[in-house]
Amino acid sequence: MNSTTTFDAGTIEALSIDELAIAQKIAGELGVRLSQVQAVLSLSAEGCTVPFISRYRKERTGNLDEVQVRDCIQKFESYKNLEERRLEVLKGVSALGKLDAFLYENIQKAATLTELEDLWAPFKKKKKTRGMLAQEKGLGPLADLMAKASLEEVVAAAPSFVCSDEEHPELSVASPEEALAGARDILAERLSQDTEIRAYVKQLVLQHGSLSVKGIGDDEKREQSTYQMYWDYKEPLSTLKHHRVLAVNRGEREGELDVSIDIDDLLVEDRVVERVRPANAQHRDAVTDGLSRLLLPAVRREIRSDLSEKAESHAIEVFSTNLRNLLMQPPLRGTRVLGIDPGIRTGTKCAALDETGKFLDYFVINQETKPEQGKKDIAAAVTKHGLSVVAVGNGTGSHEVQKLVAEAIAEHRLDCRFAVVDEDGASVYSASDLAREEFPELDLTIRGAISIGRRLQDPLAELVKIDPKSIGVGLYQHDVNQKRLAEQLDEVVGSVVNQVGVNLNTASYSLLRYVSGINASLAKKIVKFRDASGVIRSRSLLKEIPGLGEKTFEQCAGFLKIPESDNPLDNSWVHPENYALAAELLPIVKSGKDPSHEERAALKEKYGVGDITLDDIIAELKRPNRDPREDLPPPLLQQGVLSFEDLQPGMKVKGKVKNVVDFGAFVDIGIKESALIHVSEMGDRFVKNPMDVLRVGDLKEFTIISIDPVRRRIGLSLRAMAQTGQVAGRPESAEGRRDDPSAAGFGHAGKDAKDEPRGGRNAAPQRAASSFGSGGRVSTGKPAPRGRSFREGSDDGMTYNPFADLLKKQK
């Protein structure tokens, strides 16, 4: 077929999506068998959830884990959407009578939605393109000749295309020069539609191009700008980090930055001409015109889009990982807690809770005007209600309250300790409809104290009541696609809830709605049924709940635990469909033995299960209802209190990781300020990804290597030399330099200003400063000099300060 061959409309209409080919592609990408992918897709089509498939259908999927199951489903949906759009574009171009062999081939080759949309774009415009008009003038054959013949042959053929059309004057060709110009336009568009050439140009730009950023405004505007560091900034695309992409995107949206992709156009032109090998000068002119007018602008747009999408995906992934680790924090089981929400103007609210989180009593203290009375009130509450732990929120006034609690414990010889609890999002919960439903008679500040106490008792059960975006473990969360962020965070919460399991008789509506197979409406019906019927004592009773049919029962039953049931299997991970098998295994396991080879074979044949299911049930019967959170570090409990002024370089401090971001991790060391350990201080070897070393909730002993008393910043290290009181140079990357200029300092603990509704621990915004590499000395607090290239200057990990205006007001 040549480029002018057209396709029969019936042939195009008959095209369909090859789902088998998609499944084969997914199997190759994930390194699994085709049959495993097909099993997952089949189960998903049947209405099975990811948690159910990964836990209870291992035999069919070949033991794929939750991540692999989710990847299979998500990739299938993504690739199917791509193929559906491909068919739409083919049919759309065909309906216009414009589909030729060249265009058909490149539509089929398009690997992304962006490529498909660029191919479709000329045809959805009301105004025809120059190439389209040339085709309508009948100049396609001349373009074909121009792409392969000598210049003399092309020039000689051009006069034969001169014509006059009185009925349609716009289709007239007035001269040979106009015919040649039209042929060049056709070839220019063909170049822009060639997916292989496009991929080659994109590779060239990524290898040799740079992101160029210019500030919009004069020097006065620059001095006042949040984006001061980016006022005259350039960085190779090959080294560009995700957080910088999000920073300049925000600056561009706010009208403060002008962002472009710079590339040596002559370099690209020479390379493309060398690859295309034009047949003659006219063909070369068409190539250079198509490159500069059509292809390069499209590639620049695609790269900007790709950079933004990858940066957003990375930010969402970091947020998701931190959220998962936060939700997986171990509970303090069987512990009575006093939750304290520090306050100044209206006093500090205190709420006593029993072992299950039930509200017992509340009182208000004032640590500033009546500290002695506050100590007595705390001591009285601890004694009266048998409280063993005090949970102090980390908001405004927290340090003073911690000191008061520590003194109360010491002076009254109380048998209890206290913990500092991150209260991010507590105000969101306390003002929510859910909190009003739970505690209609209580003031919202008392609800906040209850939430703080419950977070220590069972972080998962309490944090699911709050929008994940308000919990404060993300970075740039307001700069990413909010729909994608919400969907992925929702997936994470659901994954953790189903990994831990839920007590059917105590779980809130907020927790139940994340259980496999249960939606918000059904969760409310379960709570209503439970309130009306009392304690549910059997999983089988779930079927009596309106709207909970057989399929839903299959999906949710194994994740709902009933400690009050007479059947111990109701409080285990064993699914009701395998109760008969488990009942035969239980006596064997209780005797301390494993089933013999003959017994296993008989059970597998009798119940139609495989070794995987059999082994899972045996493991569960040996250690029933195991909580995966039990293996993680417990909360950091204290009896004394530490202040910023107590800290010295070289001092050892125990801390709990609060947030992990691209450039390091923020650590709670029991004071108001969060400390930062930069990625370069996480080990004696080069660390590329902080999450390879630390995760939210980790308890470690750190060495303080720098203190900035002006900005109240603390730098930590895990390096062996730092542990011995020595502070040496940091490990360098393979390129012989620090991996990220953000080593110079750090900013806010991964949150935007609007993420801190309560004036929490990191409410005071921070600007990049050279607080590392001081050899164990206290920093002078002077800001590091700002440069204009990516290799210079101080990068706080965000490379701009979203709180600059607030800082200026404080000064």
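This report walks through a long helix, a pocket and a few loop residues in a predicted model.

## Helix 17

Let's start with helix 17, which runs over residues 281-327 and holds 47 residues. From first C-alpha to last it reaches 66 Å, close to the 69 Å expected at 1.5 Å a residue. Even so, there's a kink of about 45° in helix 17, and Leu 291 sits at its centre.

What caps the N-terminal end of helix 17? That job falls to Asn 280, with a side-chain oxygen 3.1 Å from the backbone nitrogen of Gln 282.

## The second largest pocket

Now for some empty space. The second largest pocket holds about 1,300 Å³. It is lined by 42 residues, and the closest to its centre are Ala 461, Thr 506, Ala 507, Ser 508 and Leu 511. If you sort the lining by class, you get 17 charged, 14 nonpolar and 11 polar residues.

Which elements supply at least two lining residues each? On the helix side they are helix 21 (433-438), helix 22 (444-457), helix 23 (459-463), helix 24 (482-500), helix 25 (509-512) and helix 26 (520-533), and strand 9 (502-503) joins them. Helix 26 gives the most, with four residues.

## Two arginines with positive phi

Some backbone background first: most residues other than glycine have a negative phi. Arg 277 goes the other way, with a positive phi of about 55°. You'll find Arg 277 in the loop between helix 16 (265-276) and helix 17. Is Arg 277 buried or exposed? Its relative accessible area is 70%, and the cut-off for exposed is over 50%, so Arg 277 counts as exposed.

Arg 413 also has a positive phi, this one about 50°, and it isn't a glycine either. Its spot is the loop between helix 19 (398-411) and strand 8 (417-421). Arg 413 has a relative accessibility of 78%, so it is exposed as well.

## Ser 432, a buried loop residue

Ser 432 sits in the loop that links helix 20 (426-430) to helix 21. Why does Ser 432 count as buried? Because its relative accessible area is 18%, and buried means under 20%.

What does the side chain of Ser 432 reach? It makes a polar contact with the backbone oxygen of Tyr 429, at 2.6 Å. Helix 21, on the other end of the Ser 432 loop, is one of the elements that help line the second largest pocket.

Technical notes. Residues numbered from 1 in each chain as written. Predicted model: local features only at pLDDT ≥ 70, side-chain atom pairs only at ≥ 80, totals over all residues. Heavy atoms only, no water. Expected span 1.5 Å × (residues − 1). Bend = angle between axes of the 7 residues up to and from the residue. Polar contact = N/O pair within 3.5 Å; in protein donor to acceptor, adjacent residues only side chain to side chain. 1 Å grid on protein atoms, 1.4 Å probe; cavity = no way out; pocket = protein on both sides within 12 Å on 5 of 7 lines; lining within 4 Å. Points joined across faces, edges and corners; volume = space filled by probe spheres on them. Nonpolar A, V, L, I, M, F, W, Y, C, P; charged D, E, K, R; others polar. Buried < 20%, exposed > 50% of the residue type's maximum accessible area, 1.4 Å probe, protein only.
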